[in-house]
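Take a look at the structure below. The walk through it starts at one residue and moves outward from there.

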Amino acid sequence: MANVRLEEIKRRFNNVTAIEDITFEIPDGEFWVLVGPSGCGKSTILRMIAGLETATSGKLFIGDRLVNNIPARQRDVAMVFQNYALYPHMSVAQNIGFGLQMRKIDRKIIQERVVNVARSLSLDHLLDRKPKQLSGGQQQRVALGRAIARQPQVFLLDEPLSNLDAQLRDETRAELKQLHQTLGITTIYVTHDQVEAMTLADKIVVLNRGRIQQIGDPQTIYASPANQMVASFLGSPPMNILPAIYQNNSFDVSGQLLAIPAVVKEKLQLRQGDSCDLGIRPEHIFINEPPSHQLLETLGESVGVRVSVSEREASEREASEREERQEANESQLIVEVKLVEPLGRETLIRAALPGSAVVLNIQVGGDVRLRPGDRLSLQLDLNQLFVFDPKTGDRIL
Ligand code: ATP
């Protein structure tokens, strides 16, 4: 086992800069996930660590060893790709033990390790089969087994689950995590799937266009994204981004006004007419049922009837109710339902702001019955609001 350190690594392909100055250190035994959209450079980083690609500049260490000029086979790393290449004429046992055989390890030790690895991956009853007699998930587990049997210092996994169907992917993902907990081998895992990143990682490195956007544990990255790219990339459904204009202590979102909470106002240095992008996660939006202004009016009336108090008290109450009503209304948006996706335990709703192209994702309970065309009043939890600079994407709140 070893730590892995990248210092100011760059990679250019002719005129294309795939990797721009990447620096990070993965402590021994941790599971790190490199995540980002297609072309962000994650596979290139992994291939450089594996020794299948050379860095244009910068230093790469595995343990204390500078490995820039060390060939792949001497780096003591094992890599598993999306397209696991198993030897079709060999049995599962022979495939798993192949790397050890090449290293001329004692036959007895190979046998022992193959049996142990197969057991840990639930492949022990399949050792005599050939790859074509296995399901896709089993084949992928054999590829993982071959890497594990070598007991390398570092595991490098490049989208190893993306060929599996959804259920198998979930199962194999959980097995991988369990395996890492047992073996404790430093692991670097590349994926564009944010669920894999969130569920597997000790630390996530979010990449975009060859640059690091943020490094952190999954919870921190989710709760405190550094910029709009990170905010939109992690989370499913993704964070809603609402273009807005600051005006008279409110955010104007396509003609609807959202009051700016005091805490936001204190921190933001906005001027009249400034543009910004508001970010709010689907789970921080609630449906008002019935629309909250109606609800409050009914509430106000009944309170007025029920309580007979002095005129002064009544007028005070009225004022405070008015304030409450105003606050509630000013964290509301009226939207039109476009799509309803019932998922059983929850329902995903896509709804558009009238007169605008902005569509919101809303995540509500499973028992909601709505149809496209329905108008909804949404309550936004403005304490959970993010504000981004629309030009740079940087988070300003
Ligand atoms: P994906 O998820 O689609 O595999 P990725 O994040 O792994 O993408 P890389 O494969 O690392 O991205 O590629 C990063 C950038 O480098 C891309 O713009 C890609 O086109 C470019 N690139 C990668 N390999 C080469 C190459 N051999 N020659 C030229 N450009 C390359």
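**From one strand to the whole chain**

Thr191 sits in strand E8 (residues 186-191). Helices (H or I, at least four residues) and strands (E, at least two) are DSSP runs, numbered from the N terminus. This is a predicted model: local features need pLDDT of at least 70, side-chain atom pairs count only at pLDDT 80 or more, and totals for chains, interfaces and linings use all residues. Residues are numbered from 1 along each chain as its sequence is written, and side-chain values use heavy atoms, with hydrogens and water left out.

Is Thr191 buried or exposed? Thr191 counts as buried because its relative accessibility is 0%. Buried means under 20% relative accessible area, exposed over 50%, partly exposed in between (1.4 Å probe, protein chains only). The side chains of Thr191 and Glu196 share a polar contact of 3.0 Å. Such a contact is a pair of N or O atoms within 3.5 Å; within protein, one must be able to donate a hydrogen and the other to accept it, and residues adjacent in sequence count only if both atoms are side-chain atoms. Leaving aside neighbours within four places in sequence, the contacts of Thr191 (heavy atoms within 4.5 Å) include Val33, Lys42 and Glu159.

Lys42 and Glu159 lead to the ligand: both are among the residues that surround it. A residue belongs there if one of its heavy atoms lies within 4 Å. Other members include Phe13, Pro37 and Thr44. Helix H1 (residues 42-50) gives the most to this shell, with 3 residues.

Now the backbone. A polar backbone atom of Gly39 is 2.8 Å from an oxygen atom of the ligand. For Gly41 the distance to a ligand oxygen is 3.0 Å. For a backbone N or O atom of Cys40, it is 3.1 Å. Taken alone, the ligand exposes 630 Å², and the protein buries 57% of that. These areas come from the Shrake-Rupley method with a 1.4 Å probe; for residues, only the protein chains shown count as cover.

Val33 leads to the largest nonpolar core, which has 44 residues. A core is a set of buried Ala, Val, Leu, Ile, Met, Phe, Trp, Tyr and Cys residues joined through side-chain atoms within 4.5 Å. Val33, Ile96, Tyr189 and Val206 have the most contacts inside it. Helix H4 (residues 136-149) supplies the largest share, 6 residues. A second, separate core of 32 residues includes Phe251 and Leu268.

Finally, the whole chain. It has 11 helices and 20 strands. Of its 397 residues, 47% count as buried.
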